[in-house]
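Student: Words like "buried" and "core" get thrown around a lot, and I'd like to know what earns them. Let's pick a model and test the words one at a time.

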Amino acid sequence: TSVTGVQTCALPICAQPGPIYSITFTMIVVGGNACMYEVCARVSDYVGFRSSDSKAVCYMILFTVACLWNVLVDMVTTYYVAEQIMMELGFRNYKGQMLDEIPTFTERFETYAMQRTLAENSYSYAFPSTFLIPFLLEPVATVIGPLMMGVYIVGSHPEIHGREAENWVAAAPLDLGRYADILLNMVLAILIFYFPGGYTHTLFIALGLSHMYIFAMDQYKLLRSVPSITVATMEVDWWAQLLLAPCCGLIMSCFVFKGNCQDYGYCLEGPRLILTCTGAFFLHLIVHV
C-alpha cells in the first residue's frame, strides 16, 4: 500500500528479499572493495615513488576516489531501477500524485518511497558490507593465512633455509592504508543524512562500534605482528586531513537539502536546489581548506 492508502502491489511482489540476497550483496561489496584495494596498491607501487609516504598518499587518494565512484554508480543504478519499478506499480507521493506525473528529479528524489529505497541501499552498502566484514576478515587474510602458508611451505621444502625461510614466515609490513578505510566509512555514514532520519542513529552506532574494533585490532596488530616502522614525515596525515574537507562539505550540502522549504527562509525546486546544495558543498570546501 502506498502512503495515500492506494493498493499498489500484491504481497509476493512487495515481500522483502531473503537472507541469501543480503549475504550476496554484502559479499559483492566486500569483493569490490578488495579489488579496488589491490588495484590501487599495484598502481601506487608501479608509479615508483621515492618514499613510502608518497606511495601511501597516492594509494589513499586512489582508493577513496575509486570506492566513492563505486558508491555513486551503485546509487544511480538503484535510483533508476527503483524509479521504473515504482512507476510500473503505481506509487504515489503524499499528495496522491502518481510518480510518473512528477516533473522534476528533486521532487521524485524526495518522495517517501524513493527516499526509503535509497536509504536502505546506503545502509546495506555501509553496514556490515564496508564498516565491519572486511576488517573481520583482515586478520585472517593478512596475518594468520600468510603465516600458516609460509610455515607449510618452509616445513615441506627442506631446501628453503636461512634468510629465505625467515622471509616466508615474516609478518607483512604495516601500510598506511587505514586512512583511506576510515575516510570511506565516514563518507558512507554522512550520505545517510540525505535520507529519512530513522536510519541515522543505527548507522552511526554501527560506525562507532566498528571503529572501536578496528582501533583495537590495529593496536594489537601493530604491537604484536608487524615489523618496526618509521614514519618520517606528516605527508600522509596532512593529505588525510585535507580529504576531511569534502566530508564536512557533504554535511553542509545535506544541511541545505534538508532545510529546504522548512521555514528557514528559502524554498527551492528542481535545478536551483541542486545548484544551491552543490554551491554549499564547494563553499564549505574552500573555507575548510
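Student: Where is Pro128 in this chain?

Tutor: Pro128 sits in the loop between helix 5 and helix 6. Its link to Phe127 is a cis peptide bond, with omega at about 0°. Keep in mind that this is a predicted model, where local features need pLDDT of at least 70, side-chain atom pairs need 80 or more, and totals for chains, interfaces and linings use all residues. Residues are numbered from 1 along each chain as its sequence is written, and side-chain values use heavy atoms, without hydrogens or water.

Student: What makes something a helix here, and how many helices and strands are there in the protein chain?

Tutor: A helix is a DSSP run of H or I with at least four residues, a strand is a run of E with at least two, and both are numbered from the N terminus. On that basis the protein chain has twelve helices and zero strands. Read from the N terminus on, the elements go α-α-α-α-α-α-α-α-α-α-α-α. As for the overall extent, the C-alpha atoms fill a box of roughly 75 × 50 × 30 Å along the principal axes.

Student: Why does Ser210 count as buried?

Tutor: Set the value against the cut-offs: buried is under 20% relative accessible area, exposed is over 50%, and partly exposed is in between, using a 1.4 Å probe and protein chains only. Ser210 has 3% relative accessibility, so it counts as buried. You'll find Ser210 in helix 9, which covers residues 200-224.

Student: And why does Thr78 count as buried?

Tutor: Thr78 has 16% relative accessibility, so the verdict for Thr78 is buried. This residue belongs to helix 3.

Student: What share of the residues of the protein chain count as buried?

Tutor: That's 36% of the 289 residues.

Student: Is Asp263 buried or exposed, and why?

Tutor: Asp263 is at 79% relative accessibility, so Asp263 counts as exposed.

Student: Why is Cys261 called partly exposed?

Tutor: Cys261 has a relative accessible area of 35%, so it takes the in-between label. Cys261 is in the loop between helix 11 and helix 12, and Asp263 is in the loop between helix 11 and helix 12 too. Check phi while you're there: Cys261 is near 60°, a positive value in a residue other than glycine. Asp263, also a residue other than glycine, has a positive phi near 65°.

Student: Which residues does Ser210 touch, not counting residues up to four places away in sequence?

Tutor: Contact means heavy atoms within 4.5 Å. By that rule Ser210 touches Phe127, Phe131 and Leu132. Here's another way to see the chain coming back on itself: Ser210 and Ile133 are 77 residues apart along the chain, and their C-alpha atoms are separated by 9.4 Å. Across the protein chain, 73% of the contacts with a separation of 6 or more link residues 24 or more positions apart.

Student: What makes the pair Thr78 and Asn121 a polar contact?

Tutor: A polar contact is a pair of N or O atoms within 3.5 Å; within protein, one must be able to donate a hydrogen and the other to accept it, and residues adjacent in sequence count only if both atoms are side-chain atoms. The side chains of Thr78 and Asn121 come in at 3.5 Å, so they make the cut. Beyond four places in sequence, Thr78 is in contact with Thr117, Leu118 and Asn121. Ser210 offers another example, with its side chain reaching the backbone oxygen of Ala206 at 2.7 Å.

Student: What is a nonpolar core, and how many residues has the largest one?

Tutor: It's a set of buried Ala, Val, Leu, Ile, Met, Phe, Trp, Tyr and Cys residues joined through side-chain atoms within 4.5 Å. The largest has 57 residues, and Leu188 and Phe195 have the most contacts inside it. Several helices each supply at least two residues of this core, including helix 2, helix 8 and helix 12. The top contributor is helix 3, with 13 residues. In soluble globular proteins, nonpolar side chains tend to be buried together.

Student: Which residues is Phe195 in contact with, leaving aside its neighbours within four places in sequence?

Tutor: Phe195 is in contact with Met75, Phe109, Gln115, Leu118, Ala119, Ser122 and Lys258.
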